[in-house]
Amino acid sequence: MFGKRSYQADSFSKHRAGKATSRQKRSFRDHATAAKRTERSMKRPENSPPIGSTLTSAIITLCVGPEQRLFAAHEDILVISPFFAAACRGQFMESHAKRINLPEEQPEIFSSVLEYLYKGDYYPALSYNKRRDTWELEDSANAAQRGIEPTIYCNAVGGPILKDTVVYCTAERYGLDELKRLALRKQGLQSGVQVSTILASARYAYANTPDNDSKMRAHYLALIIRSRATFKRSGTMQLEMEVGGKLFFDLFVAMVNHMDDISTIT
């Protein structure tokens, strides 16, 4: 998952968590937009305005995070999400105004969710490079110069974790399966992330996804196994294992299965 940099203490640089290639030669944004429209047509509330009325639908104010940062969005856009469809029907709406409070949400993440709902992607955008036959992130070649970081500071963790993991978990909460798929693919393209950040992100993913999640949790397990030489040398990994948790039981099971597969092949 996180290649391209030379090895530094507690970081790894040889392995990616997933492939960045695809046979489908069109932009991921087109695919996500089409899927978003399908979700929208299938999951619209009974009393919602007809499709095509997005720009004239009601404006909803969203109060996000402990600092109560304000966002505004069209109701027709928000109801793509089952969570916000319920909110717009009145479950969480304040009676005196079209306003939804999200005190536990992080503004930076919610901004990415809104961008996805309107555009089918969030910054940095994912695009397909026909010449190289790979997926890549917008401005990836100049990420360092432009200050584009793959991590954000998470108050719940008290440190940096991978932004795409938080987007994935937020999409899980809002019922946006296509956004989950997009976030997972983007995370597989990140590079040069510290072991401590990966482990903190993995713990966050385990704490904020259901036990039957088969994507993000498996992503981290596969990453650790593929990069086991680096993690084995990591003092952070040792400390995390001493703390324990379901993550490390699942890792044990995954590694046993991996060894069984190797034995079967040989």
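The legends below describe three close-up views of a predicted model.

**View 1. The largest nonpolar core, centred on the contacts of Leu62.** The largest nonpolar core holds 63 residues, of which Leu62, Phe110, Leu117 and Leu179 touch the most other members. Helix α8, spanning residues 195-207, provides the largest share of this core with 8 residues. When residues up to four places away in sequence are not counted, Leu62 touches Arg69, Leu70, Phe71, Ala72 and Ala73, and its contacts also include Leu78, Phe84, Ile100, Leu102 and Phe110.

**View 2. The second largest pocket and the residues of its lining.** The space in this pocket, the second largest, comes to about 440 Å³. The pocket is lined by 20 residues, and the closest of these to its centre are Pro66, Pro103, Glu104, Glu105 and Gln106. Helices α4 (107-119) and α6 (163-174) each supply at least two residues of the lining, and the largest share, 4 residues, comes from α6. Sorted by class, the lining of the second largest pocket consists of 11 nonpolar, 5 polar and 4 charged residues.

**View 3. Helix α11 with its buried and exposed residues.** Within helix α11, which runs over residues 235-243, Thr236, Met237 and Glu240 are buried. These three residues lie on the same side of α11 because they cover an arc of only 100 degrees around the axis. The exposed residues Leu239 and Glu242 are carried by the face of α11 that is turned away from its buried side. The cover over the buried residues of α11 includes α8, α9 (216-226), α10 (228-232) and α12 (246-265).

Methods: Residues numbered from 1 in each chain as written. Predicted model: local features only at pLDDT ≥ 70, side-chain atom pairs only at ≥ 80, totals over all residues. Heavy atoms only, no water. Core = buried A, V, L, I, M, F, W, Y, C linked by side-chain atoms within 4.5 Å. Buried < 20%, exposed > 50% of the residue type's maximum accessible area, 1.4 Å probe, protein only. Contact = heavy atoms within 4.5 Å. 1 Å grid on protein atoms, 1.4 Å probe; cavity = no way out; pocket = protein on both sides within 12 Å on 5 of 7 lines; lining within 4 Å. Points joined across faces, edges and corners; volume = space filled by probe spheres on them. Nonpolar A, V, L, I, M, F, W, Y, C, P; charged D, E, K, R; others polar. Arc of directions from axis to C-beta.
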